[in-house]
Structures are given as C-alpha cells and as structure tokens.
Amino acid sequence: MSNKILSALFGAGLAALALSPTAMAEPQELAEMHAEMDGCEACHADGEPSEDGAYEFEQCQSCHGTLAEMDAIHQPHDGNLMCADCHAPHDMSVGEKPTCDSCHDDGRTSEALLK
Ligand code: HEC
Ligand code: HEC
Ligand code: HEC
Ligand code: HEC
C-alpha cells in the first residue's frame, strides 16, 4: 500500500474520531464483539461462513450451551431453530433482544414467558 493511501486512511480515521466524540458509545455488532475476543474463527471454520449455518450453530452451543439447557425462551425452540434465526450476529447489536412477532402472530413476548 502506498504512503499516500496510508496517510489518507490515517487522516480519515482521525477526522472520523474528531467528528464523533460519541463513537465509543455506538452500539457494537454482536459478531464484532465476539470477533474481538476470538476472531472470526470463533464461529466460522477458517473464518469463512458455511452454506447452511450448522457449523456456526455448533460453535454457539460449544460456548453458550444448547437450547435445551437454556431458559424458558430458548427451550421451546430446541430442535426448531438455530441461534442465528433470532440473534443474527451481523445484523444485531450487543444488548439487543430478539422479538417474537417475526414468527409468532399472537402477541407473545419474552417477558410473558420469563415472569
Ligand atoms: C458470533 C459468531 C460469529 C462471528 C464471531 C462472526 N460471524 Fe460471520 N456469520 C455468523 C453467522 C451465524 C452467519 C450466518 C447468519 C447470518 O448471516 O447472520 C454469518 C455470516 C457471515 C457472512 C455471510 C454474509 C452475511 O452477512 O450473511 C460473512 C461474509 C461473514 N459472516 C463474515 C464474518 C467475518 C469476516 C467475521 C470476523 C470479523 C465474522 N463473520 C464473525 C456468525 C459469526
Ligand atoms: C426464539 C429466538 C431465540 C433463539 C433461537 C435463541 N435466542 Fe437467545 N435470546 C432470545 C431472547 C428473546 C433473549 C432475551 C431474553 C430476555 O429478555 O432476557 C435471549 C437472550 C440470550 C442471551 C442473553 C443475552 C442478554 O441479553 O443477557 C444469550 C447469551 C443468548 N440468548 C444466547 C443464545 C444462544 C447461544 C442461542 C442458540 C443456542 C440462542 N440464544 C437462541 C431469543 C432467542
Ligand atoms: C468462543 C466462545 C463463544 C462463541 C463461539 C459464541 N459466543 Fe456468544 N458470547 C461469548 C461470550 C464470552 C460472551 C460475553 C459474555 C456473555 O454475555 O455471556 C457472549 C455473549 C453473547 C450474547 C450476549 C450479548 C449481549 O447482548 O450482551 C449473545 C446473544 C451471544 N453471545 C450469542 C451468540 C451466538 C448466536 C453465537 C453463535 C452464532 C455465539 N454467541 C457464539 C462467547 C461465545
Ligand atoms: C425465527 C422464528 C421464531 C422466533 C423469532 C420465535 N419463535 Fe417461538 N417458535 C418458532 C418455531 C418454529 C417453533 C416450533 C413450532 C411451533 O410450535 O410453532 C416455536 C415454538 C415456540 C413455543 C412452543 C410452542 C408454542 O407455540 O407455545 C414457544 C412458547 C415460543 N416459540 C415462544 C417464543 C417467544 C417468547 C419468542 C420471542 C422471544 C419466540 N418464540 C420467537 C419460531 C420462532
């Protein structure tokens, strides 16, 4: 990479920081947070996404446990869903809670199940 490109990138980075004092408070992508701990390989074999998501699902469970071992929100989905069906790692932020109404149309909520 040329020095010119490097200094442009560096300059752009500093400008972005200067313009956004709240950058640190931006919500962080779920996948990014995991990748900071263990890299893309935490979920992807050789860092490459699988065709069907099965490898990634295995990885989630190897750290977090299986759906059957989790709480009343997770248990009923054992055998029906993979983690990423609800926690889309590249589309959701840390702290963002999945909702129910993308799949169930009867107004159920996680609060109702956990109470
Ligand atoms: C917490 C686990 C996790 C981590 C860490 C992770 N990914 Fe993913 N990634 C997934 C899952 C699950 C999918 C498939 C479902 C989806 O698209 O959300 C996926 C999909 C993808 C895709 C397919 C396109 C897309 O967005 O659907 C690419 C490309 C990708 N990941 C690249 C990366 C790279 C590069 C890193 C490291 C910076 C990374 N992933 C880190 C879980 C993860
Ligand atoms: C049916 C959708 C759904 C599926 C599938 C699902 N989750 Fe969740 N998960 C949720 C919801 C909703 C919450 C928030 C519960 C609450 O309100 O406290 C949650 C909470 C969590 C939390 C706690 C996060 C926090 O806010 O403290 C973790 C960790 C988690 N899930 C991991 C997983 C893993 C790992 C899998 C796969 C083995 C999985 N989930 C599958 C819906 C799902
Ligand atoms: C290498 C171990 C590892 C893997 C693999 C992994 N996680 Fe995590 N995950 C963690 C750790 C550590 C945390 C932070 C502590 C915690 O909240 O449990 C975390 C946090 C989370 C949280 C809570 C984030 C929040 O909002 O506070 C969710 C949801 C989650 N992971 C889902 C997943 C999903 C979905 C996958 C697979 C696609 C996955 N994880 C794969 C280790 C892992
Ligand atoms: C990605 C789709 C999806 C999401 C999102 C989802 N579910 Fe489900 N849920 C299913 C599927 C599939 C089944 C199994 C088939 C069935 O029983 O309808 C199921 C079954 C259930 C069951 C057991 C059967 C029943 O209908 O009583 C409960 C309880 C449940 N889900 C609660 C929730 C709650 C609470 C949320 C939100 C936190 C949620 N689900 C989000 C797909 C989803």
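## Four ligands and the residues around them

Let's start with ligand 1, which has Ala-31, His-34, Ala-35, Cys-40, Cys-43, His-44, Pro-49, Glu-56, Ala-84, Pro-89 and His-90 around it. Keep in mind that everything here comes from a predicted model. Helix 2 makes the largest contribution to this shell, with three residues. Sorted by class, the shell around ligand 1 has seven nonpolar residues, three polar ones and one charged one. Two histidines make polar contacts here: a side-chain N or O atom of His-44 sits 2.7 Å from a nitrogen atom of ligand 1, and for His-90 the distance to a nitrogen atom of the ligand is 2.8 Å.

Now for ligand 2 and its iron atom. Which residues coordinate this iron? They are His-74 and His-87, each through its NE2 atom, at 2.0 Å. The iron has six donor atoms, and the angles between them run from 87 to 180°, which makes the arrangement octahedral. His-74 belongs to the loop between helix 3 and helix 4, while His-87 belongs to the loop between helix 4 and helix 5, so the two together tie parts of the chain that are 13 residues apart in sequence. His-87 has a relative accessible area of 30%, so it counts as partly exposed. If you wonder what the textbook angles are, six octahedral donors ideally give 90 or 180 degrees.

On to ligand 3, which is surrounded by 16 residues, the closest being His-34, Cys-60, Cys-63, His-64 and Gly-95. You have met His-34 already, as it is also one of the residues around ligand 1. Helix 2 (30-38) and helix 3 each give at least two residues to the shell of ligand 3. By class, that shell holds nine nonpolar, five polar and two charged residues. Gly-95 makes its contact through the backbone: one of its backbone N or O atoms is 2.6 Å from an oxygen atom of ligand 3.

Ligand 4 also holds an iron atom, and its protein donors are His-77 and His-104, both through NE2, at 1.9 to 2.0 Å. Where in the chain do these two sit? His-77 is in the loop between helix 3 (54-64) and helix 4 (83-86), and His-104 is in the loop between helix 4 and helix 5 (110-114), so far along that the pair links distant parts of the chain, 27 residues apart. Six donor atoms surround this iron at angles of 87 to 179°, which makes it octahedral. Are these histidines buried or exposed? His-77 has 23% relative accessibility, so it counts as partly exposed, and His-104, at 27%, is partly exposed too.

There are 16 residues around ligand 4, and the nearest are His-77, Cys-100, Cys-103, His-104 and Arg-108. The shell is made up of seven nonpolar, seven polar and two charged residues.

Here are the side-chain polar contacts of ligands 3 and 4 side by side.

| Residue | Ligand and its atom | Distance |
|---|---|---|
| His-34 | ligand 3, nitrogen | 2.8 Å |
| His-64 | ligand 3, nitrogen | 2.8 Å |
| His-77 | ligand 4, nitrogen | 2.7 Å |
| His-104 | ligand 4, nitrogen | 2.8 Å |
| Arg-108 | ligand 4, oxygen | 2.9 Å |

As for the shell around ligand 4, the elements that give two or more residues to it are helix 4 and helix 5.

Methods:
Residues numbered from 1 in each chain as written. Chains lettered and ligands numbered in written order. Predicted model: local features only at pLDDT ≥ 70, side-chain atom pairs only at ≥ 80, totals over all residues. Heavy atoms only, no water. Donors = N, O, S within 2.8 Å, 3.2 Å for Na, K, Ca; no water. Tetrahedral: all angles 85-135°; square planar, octahedral: opposite > 155°, others 65-115°. Helix = DSSP H or I, 4+ residues; strand = E, 2+ residues; numbered from the N terminus. Buried < 20%, exposed > 50% of the residue type's maximum accessible area, 1.4 Å probe, protein only. Near = heavy atom within 4 Å. Polar contact = N/O pair within 3.5 Å; in protein donor to acceptor, adjacent residues only side chain to side chain. Nonpolar A, V, L, I, M, F, W, Y, C, P; charged D, E, K, R; others polar.
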